[in-house]
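Hi,

Here's the structure I said I'd pass along. Have a look, and my notes follow underneath.

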Amino acid sequence: MQDATKHYINGQWVASIDGREMAVEDPSTEEKIATITLGGDADADAAVNAAKAAFPGWAETKPDARIAALERLMDIYKERAGEMAQAISTEMGAPIALAQTAQVGAGAGHLKHTIRTAKGFAFERPLGDHAPGDMILYEPVGVCALITPWNWPMNQVMLKVAPALAAGCTMVLKPAEQAPLSAMLLAEMIDAAGFPPGVFNLVNGDGAGVGAHLTSHGQVDMVSFTGSTRAGVAISKSAADTVKRVSLELGGKGANIIFADADEKSVTRGVRHCFNNTGQSCNAPTRMLVERSIYEQAVETARTVAENTEVGPADVEGRQIGPVVSEVQFNRIQYYIKQGIDERARLVAGGMGKPDGLSIGYFVRPTVFADVTPDMTIWREEVFGPVLTLTPFDTEEEAIALANDTPYGLTNYVQTADKARAQRVARQLRSGMVEMNGKFGGAGTPFGGMKQSGTGREGGVWGLEEFLEVKAVSDWG
Ligand code: ADP
């Protein structure tokens, strides 16, 4: 690993001009594992200038040349997958097995499918037979600011960097300050893959500093952001004065509707899914809605699964859940658990404080609340921790109304053996994604939300088009 205090600008690791140092912590041990620099305006400006200067040359390259560079990156990413898993596991606390599989694998998958999408994409295409001579050109948007969170670091970084590179954009990546090491490792890989200097730049920093500077910057054409709805709102406002294209992948409060005819594993699967990555996923199924005839049984199953969920340090091999990323997150989750208790939800498992024997590290007790109603804080707000709520329903209409009773609209889940009902419900759910009966979307499926879960879609052809402008030209030939 490079000296972590440096930024990667114009093909070089460079010292910060106006930054200040910050310690990166291992959330399992609370120990410092690296020192980075939170950049200042001058660092961000240097990166934007490099991206701006590199843009005309990179935009002009043939898609084949960009795809070849991405294929070199793919080879390097695979070779260094072990290092990547280690970086993710220590910086944000994902258990090593989860880091090696889902965390690193998500990055590899998005890179692979971006390459496949770009190979099949017609960057120039006629308007249609009715308009001979009219040509539609898909051109890169320009200089992009890519701002990412810490919970699935390579997933989110690769969903932006790979299509931006494939489109012919140049970019400044600002990874989350809590989990910057995986992104810095990716910068080393991009460097080794031989992309021209200035095409990809990385500046570390926080939201108020580098983040805000990039999103209001006159030379930045687009902001692609993943993170909290709070930050998404601030970014939209900041980007408005210069009319940037803004793509936002924000929070969620997914409902998991379980009908009485659902397969017998659906409750267990739903609880585990909610707790996966220690509940730190925007698409987590955090509100379990259960048909009344099987409700109490579901509450008991959820209790058992929660009580049997092992919690432990990230470096231990196993299927435990790790700590949450930071003390700030730990305290936020404690606040929500307290709200649940104070607002009289039925505490079924877990609760406040740390699990027995884990006094060091940001470990949270896997927590289940039953009888949660839409007026409660834990129904309305995203907790981002291993906290599940259960609520009974009587009819299909009520289940749909409950699922949609949230400002968010990212992913909802439906469990039923009745296909016609499943499709009826899926059509009425106000969310960008609906996952049914435990089946994930395939490679290249569009990821993104409705309502306050964001704008735009990542992944597949939709994710590539986010980074492309559409130009219409008449009398082409
Ligand atoms: P979380 O609350 O999950 O940490 P945030 O939404 O605060 O998520 O942060 C996600 C990313 O957005 C991080 O890289 C963070 O530095 C950045 N960020 C936070 N606030 C802003 C902002 N106002 N402008 C630009 N970037 C921001």
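So, how far does a backbone N or O atom of threonine 148 lie from an oxygen atom of the ligand? The answer is 2.8 Å. Keep in mind that this is a predicted model.

Two side chains also reach the ligand's oxygen atoms. Lysine 174 has a polar side-chain atom 2.9 Å from an oxygen of the ligand, and for arginine 230 the distance from a polar side-chain atom to a ligand oxygen is 2.9 Å too. On its own, the ligand would expose 550 Å², and the protein buries 87% of that.

Zooming out a little, the ligand has 20 residues around it, and Thr148, Lys174, Glu177, Ser228 and Arg230 are the closest. As for pockets, the ligand takes up the space of the second largest one.

Away from the ligand, I also looked at the nonpolar cores. The largest has 71 residues, and those touching the most other members are Leu73, Tyr77, Met84, Leu111, Leu186, Phe195 and Phe200. Take methionine 84: if you skip its neighbours within four places in sequence, its contacts are Tyr77, Val104, Met154, Ser182, Leu185, Leu186 and Met189. There's a second, separate core as well, with 29 residues, including Val364, Ile400, Ala403 and Met436.

Shout if you'd like to go through any of this together.

Cheers

Note on methods:
Residues are numbered from 1 along each chain as its sequence is written. This is a predicted model: local features need pLDDT of at least 70, side-chain atom pairs count only at pLDDT 80 or more; totals for chains, interfaces and linings use all residues. Side-chain values use heavy atoms; hydrogens and water are left out. A nonpolar core is a set of buried Ala, Val, Leu, Ile, Met, Phe, Trp, Tyr and Cys residues joined through side-chain atoms within 4.5 Å. Buried means under 20% relative accessible area, exposed over 50%, partly exposed in between (1.4 Å probe, protein chains only). Contact means heavy atoms within 4.5 Å. A residue is near a molecule or strand if one of its heavy atoms lies within 4 Å of it. A polar contact is a pair of N or O atoms within 3.5 Å; within protein, one must be able to donate a hydrogen and the other to accept it, and residues adjacent in sequence count only if both atoms are side-chain atoms. Accessible areas come from the Shrake-Rupley method with a 1.4 Å probe; for residues, only the protein chains shown count as cover. On a 1 Å grid over the protein atoms alone, a cavity is a set of points where a 1.4 Å probe fits but cannot get out, and a pocket is an open set with protein on both sides within 12 Å along at least five of seven lines; lining residues have an atom within 4 Å of a point. A molecule sits in a cavity or pocket if more than half of its atoms lie within 2 Å of its grid points.
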